[in-house]
Amino acid sequence: MVKSDNITWHHSQVSKEQRQTVNDHKSVVLWFTGLSGSGKSTIANAVEKALFDQQVHSYVLDGDNMRFGLNKNLGFSAEDREENIRRIGEVAKLFVDAGVVTLTAFISPYRADRDQVRANVEADEFIEVFVDTPLAVCEERDVKQLYAKARRGEIKGFTGIDAPYEAPEDPEITIDTSSQSLATSVDQVLTYLADHGYVQLATANEG
Ligand SMILES: Nc1ncnc2c1ncn2[C@@H]1O[C@H](COP(=O)(O)OP(=O)(O)O)[C@@H](O)[C@H]1O
Ligand SMILES: [Mg+2]
């Protein structure tokens, strides 16, 4: 629903397809989802670096970072989480229009919110990457000491502890960082992109 009257879409003189042609790769959203500490940011950033090194225009939208700026007025209620993901979905869509391989690293616990983002882009423009690291492993890592706080009741509504995480039903890519190295995970994502014709990579399919 749009609040304003009297607005008209102004079409760009440069199309997404033209940008992709100049870039020599397609643009797409790699939507990382999983528990806090599962490895979303770590893998997304490593993939971004690997793509950059191969001259692929790529960019990470990271959950925590977005909450310092664009989404600084949002908390972690179900309603705010929904709005958080809606905004990131819209930003990711703009990045795809700009010709960029866009990686998003948000817990994004609600299936409906993720599916909404998927529905808002072309069918082949959304790749759901489920970072399926078991809760026990995430909690053992406790990189930011948030699980300890949540267990002590100092954080309410923490995903996996006292707020739900709805796992993807049919993700394009599934990664379990408790059983595979960071390098393997990066290679898995790059191979997917190359195999599905999003990018051409020098090394993704070798060995
Ligand atoms: N195989 C692995 N793949 C990715 N991260 C791993 C792996 N093994 C351990 N880790 C660690 O797990 C933590 C994941 O944290 P982070 O990427 O911030 O998670 P998230 O963004 O999902 O909250 C990092 O400290 C990372 O070094
Ligand atoms: Mg993160």
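A polar contact is a pair of N or O atoms within 3.5 Å. The model used in these exercises is a predicted one.

**Exercise 1. Ligand 1**

Find which residues come nearest to ligand 1, and decide which of its oxygen atoms' distances to G37, G39 and R141 satisfy the cut-off for a polar contact.

*Solution.* Begin with the surroundings: there are 14 residues around ligand 1, and those that come nearest are G37, K40, S41, T42 and Q180. Next, take the backbone, where a polar atom of G37 lies 2.7 Å from an oxygen atom of ligand 1, and where a polar atom of G39 lies 3.0 Å from an oxygen atom of the ligand. Then turn to the side chains, where R141 places a polar atom 3.2 Å from an oxygen atom of ligand 1. Finally, apply the cut-off of 3.5 Å: the distances for G37, G39 and R141 lie within it, and therefore each of these pairs is a polar contact.

**Exercise 2. Two pockets and a cavity**

Describe the largest pocket, the second largest pocket and the largest cavity by their volume and by the residues that line them.

*Solution.* It helps to recall the idea behind such a search. Rolling a probe the size of a water molecule over the atoms shows where empty space is left.

Step one concerns the largest pocket, which has a volume of about 650 Å³. Its lining is made up of 31 residues, of which S36, K40, D64, I107 and K144 are the closest to the centre. Two or more lining residues come from each of the elements α2 (40–53), α3 (63–66), α4 (78–97) and α7 (146–151). Sorted by class, the lining of the largest pocket holds ten nonpolar, twelve polar and nine charged residues.

Step two concerns the second largest pocket, which encloses about 370 Å³ of space. Here 16 residues form the lining, and W9, K16, K93, L94 and D97 are the closest to the centre. Helix α4 gives the largest share of this lining, namely five residues, and the classes divide into five nonpolar, five polar and six charged.

Step three concerns closed space, for which the count comes to one cavity of 30 Å³ or more. The largest cavity holds about 40 Å³, and the residues lining it are S36, G37, D142, V143, K144, Q145, L146 and Y147. Three of the lining residues are nonpolar, three are polar and two are charged.

**Exercise 3. S58 and E172**

Is S58 buried or exposed, how is E172 classed by its relative accessibility, and which residues does each of them touch?

*Solution.* Start with S58, which lies in strand β2 (residues 58–62). S58 counts as buried because its relative accessible area of 15% is under the limit of 20%. Leaving out residues up to four places away in sequence, S58 touches E48, L51, F52, V100, V101 and L103. With E48 there is also a polar contact, in which the side chain of S58 reaches the backbone oxygen at 3.2 Å.

Continue with E172, which is found in the loop between α7 and β5 (173–175). Its relative accessibility is 28%, so E172 counts as partly exposed. With the same residues up to four places away left out, E172 touches R118, F126, I127, E128 and Y192. The side chains of E172 and R118 are joined by a polar contact of 2.9 Å, while the side chain of E172 also reaches the backbone nitrogen of E128 at 2.9 Å. As a last step, look along the chain: E172 and I85 are 87 residues apart, and their C-alpha atoms are separated by 19 Å.

Technical notes. Residues numbered from 1 in each chain as written. Chains lettered and ligands numbered in written order. Predicted model: local features only at pLDDT ≥ 70, side-chain atom pairs only at ≥ 80, totals over all residues. Heavy atoms only, no water. Helix = DSSP H or I, 4+ residues; strand = E, 2+ residues; numbered from the N terminus. Buried < 20%, exposed > 50% of the residue type's maximum accessible area, 1.4 Å probe, protein only. Polar contact = N/O pair within 3.5 Å; in protein donor to acceptor, adjacent residues only side chain to side chain. Contact = heavy atoms within 4.5 Å. 1 Å grid on protein atoms, 1.4 Å probe; cavity = no way out; pocket = protein on both sides within 12 Å on 5 of 7 lines; lining within 4 Å. Points joined across faces, edges and corners; volume = space filled by probe spheres on them. Nonpolar A, V, L, I, M, F, W, Y, C, P; charged D, E, K, R; others polar. Near = heavy atom within 4 Å.
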